[in-house]
Amino acid sequence: MHYFEFPSKDTTLYESSESINTGLDEILEIRKDMNDDGSTINVSRALLKFDLTYVSKSISSGLITSGSQTKFYLNLYDANSSQLNVAQTLYGYPVSQSWENGSGKY
């Protein structure tokens, strides 16, 4: 069985600005720009919120069982990147407090 869950809200936050929250952009931007001496000058992070009520209930009821066949994936797609290393690592972390979907574009 395949089940797809899409974010109920998403946004990109930019470290270079305390006020830019681009929840209306079509693309989430995850980037780390550095100058020539290697010091970080701009980092952005993407936040995604999923309503996992159905998944949680399906696990509790036994519809989804743990085992070697049970797998969960987060699919993110590249949109016109440049100058990437051969291998890149992307980390995902849970957010510890509530946040609002952005109302702007960048």
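I took helices, of at least four residues, and strands, of at least two, as DSSP runs numbered from the N terminus. On that basis I found one helix and three strands in the protein chain of this predicted model, and reading along the sequence I noted the pattern β-β-β-α.

I next looked up the overall dimensions. The C-alpha trace of the protein chain spans about 55 × 35 × 25 Å along its principal axes. I compared the radius of gyration, which is 17 Å, with the value near 13 Å that a compact globule of 106 residues would have.

Then I turned to burial and contacts. Of the 106 residues in the protein chain, 16% are buried, and the chain exposes about 9300 Å², with carbon and sulfur atoms supplying 50% of that area. Among contacts with a separation of 6 or more, I noted that 62% are accounted for by residues 24 or more positions apart.

For the charges, I recorded 8 positive and 13 negative ones in the protein chain, and their mean positions lie 9 Å apart.

Last, I searched for salt bridges, and the count came to one. The pair is E29 with R31, whose closest N and O atoms are 2.7 Å apart, and the contact qualifies because the cut-off is a side-chain nitrogen of Lys or Arg within 4 Å of a carboxyl oxygen of Asp or Glu. I also checked whether the two partners are covered: E29 has 21% relative accessibility and so counts as partly exposed, since buried would require under 20%, while R31, with a relative accessible area of 33%, is partly exposed too.

Methods. Residues numbered from 1 in each chain as written. Predicted model: local features only at pLDDT ≥ 70, side-chain atom pairs only at ≥ 80, totals over all residues. Heavy atoms only, no water. Buried < 20%, exposed > 50% of the residue type's maximum accessible area, 1.4 Å probe, protein only. Rg over C-alpha atoms; globule rule 2.2 N^0.38 Å. Contact = heavy atoms within 4.5 Å. Areas by Shrake-Rupley, 256 points an atom, 1.4 Å probe, with all protein chains shown as cover. Lys, Arg positive; Asp, Glu negative; His and termini not counted. Charge placed at Lys NZ, Arg CZ, Asp CG, Glu CD.
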